[in-house]
Amino acid sequence: MGGTGGTGGTGVTEGLGEGTRPGRLGVGVVGAGRVGAVLGNALRAAGHAVVGVSAVSAESRERAQLFLPGVPVLEVPDVVERAELVLLTVPDDALESLVAGLAEVGAWQTGQLVVHTSGRYGWRVLQPAMAAGAIPLALHPAMTFTGMSLDLARLADCCFAVTAPGPVLPIGQALVVEMGAEPVIVDEEARPLYHAALAHAANHLVTLVAESLDLLAAAGVQPAPRVLAPLLSAALDNALRQGDGALTGPVARGDAGTVTAHVDAIARSGVEGALATYRRLARDTADRALASGRLRPEAAQSLLDALADDRP
């Protein structure tokens, strides 16, 4: 079976010296979810030809039509057969079985670039494809995708974790640069910790902000997003610039009385989960403030007493 333009490696690895761009490739997108459709669009804008896309749900078909107009919607094996670069943008838990299943039916081709976008995995999850002569790449965008056109603009400020065998790294870096983003090399063994850091920051930030919005609503404060936005923007900017040096507020000051009032008010608010989140994060904040010298040791115990789960 042959992909569009052939898949013997010519045009894929040629001309990939420093400062050069990879040859134009026929790209197949497996999974027209929020990530796949956007990255397919970005690769197309860079001059690559998207030769096929798989899309099962009505929502994914609509997204494919929006971001990849004119690209045929095909079954997964047909997408792989046509492509010189296969972009796998499926959920983490589906990736391993997908790669192995396509290997069992002989879908992978010699010289074919196989790129997945999972944060959890590195390139070794693609070994069944490598056994058929495919070239493995793990490219994970460190960005939250909405599946809307604003994602395309956000790519310009985005970093991609690039994980691949040493000789293949320049290909991954070049593809990321072509999409307008910045490549960052992450070791194979470090991928789970890298991904945990991103999920801890982005996903848990959403939970934290949502709980804060609920607390403001319970306090009768509207519009809650307008009240929080400037504060959160400044806090995020300060934290990224200064780390623990950005800590402010009653915990960092050792103001146990204020923290006690917070705990009591949140307990009465009826916002499910918020009290446990507040207590846990306040304890962690106290630890970091103490370690950085912002919190006096003599004030730390009063704070911990105020935050105790069994406090009356």
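**Reading the sheet and its helices**

Trainee: How many bridges join β1 to strand β2, and in which sense do they run?

Mentor: Five bridges join β1 to β2 (residues 49–54), and the two strands run parallel. The general idea is this: strands of a sheet pair through backbone hydrogen bonds, either parallel or antiparallel. One pair of residues to look up is Val 29 and its bridge partner in β2, Val 53. Keep in mind that this model is predicted.

Trainee: What do β1, helix α1 and β2 make?

Mentor: They make a right-handed β-α-β unit, with α1 covering residues 34–45.

Trainee: Which residue in β3 stands opposite Val 30?

Mentor: Leu 88 does. Four bridges join β1 to β3 (residues 85–88), and this pair also runs parallel.

Trainee: Now the whole sheet. What is the order of its strands?

Mentor: The order is β2-β1-β3-β4-β5-β6-β7. The sheet is open, has seven strands and shows mixed pairing. Its edge strands are β2 and β7 (182–185), each of which pairs on one side only. On average, neighbouring strands are turned by 25 degrees against each other, direction ignored.

Trainee: Where does α1 pack?

Mentor: On the sheet. Helix α1 touches β1, β2, β3, β5 and β6 (159–163). Its direction makes about 150 degrees with that of β3.

Trainee: Which pairs run parallel or antiparallel further along?

Mentor: Take them in order. β3 and β4 (residues 113–116) run parallel and are joined by four bridges. Val 86 has Val 114 as its bridge partner in β4. Next, four bridges join β4 to β5, again parallel. There, Leu 113 has Ile 135 as its partner in β5. Then the sense changes: β5 and β6 pair antiparallel over four bridges. In that pair, Leu 139 is matched with Val 162 of β6.

Trainee: How should I read the two faces of a strand?

Mentor: In a regular strand the side chains alternate between the two faces of the sheet. Try β1. Gly 26, Gly 28 and Val 30 lie on one side, Val 27 and Val 29 on the other, and all are buried. Five of the five residues of β1 are buried, so β1 is largely enclosed by the rest of the structure.

Trainee: Which residues point each way from β5, and are they buried or exposed?

Mentor: Ile 135, Leu 137, Leu 139 and Pro 141 point one way. Pro 136, Ala 138 and His 140 point the other way, and all of these residues are buried. With seven of its seven residues buried, β5 is therefore largely enclosed too.

Trainee: What about Ala 131: buried or exposed?

Mentor: The cut-off for exposed is over 50% relative accessible area. Ala 131 has 70%, so Ala 131 is exposed. Ala 131 lies in the loop between α5 (127–130) and β5 (135–141). Ala 103 is 28 residues away from Ala 131 in sequence, and the two C-alpha atoms are 8.5 Å apart.

Trainee: Last, a helix pair. At what angle do α12 and α13 pack?

Mentor: At about 170 degrees, with their axes 10 Å apart. Angles over 145 degrees count as roughly antiparallel. Helices α12 and α13 are therefore roughly antiparallel to each other. Their residues are 274–291 and 297–307.

Trainee: Which residues meet there?

Mentor: From α12 come Tyr 278, Arg 279, Ala 282, Arg 283 and Leu 290. From α13 come Pro 297, Ala 300 and Leu 307. The contact divides into six nonpolar, no polar and two charged residues.

Conventions:
Residues are numbered from 1 along each chain as its sequence is written. This is a predicted model: local features need pLDDT of at least 70, side-chain atom pairs count only at pLDDT 80 or more; totals for chains, interfaces and linings use all residues. Side-chain values use heavy atoms; hydrogens and water are left out. Axes are lines fitted to C-alpha atoms, for helices over the stretch in contact, and angles run from 0 to 180 degrees between N-to-C directions. Angles under 35 degrees count as roughly parallel, over 145 as roughly antiparallel, 65 to 115 as roughly perpendicular and the rest as oblique. Contact means heavy atoms within 4.5 Å. Ala, Val, Leu, Ile, Met, Phe, Trp, Tyr, Cys and Pro count as nonpolar, Asp, Glu, Lys and Arg as charged, and the others, Gly among them, as polar. Buried means under 20% relative accessible area, exposed over 50%, partly exposed in between (1.4 Å probe, protein chains only). Two strands pair if DSSP finds at least two bridges between them. A crossover is right-handed if, with the strands pointing away from the viewer, the path from the first strand over the helix to the second runs clockwise.
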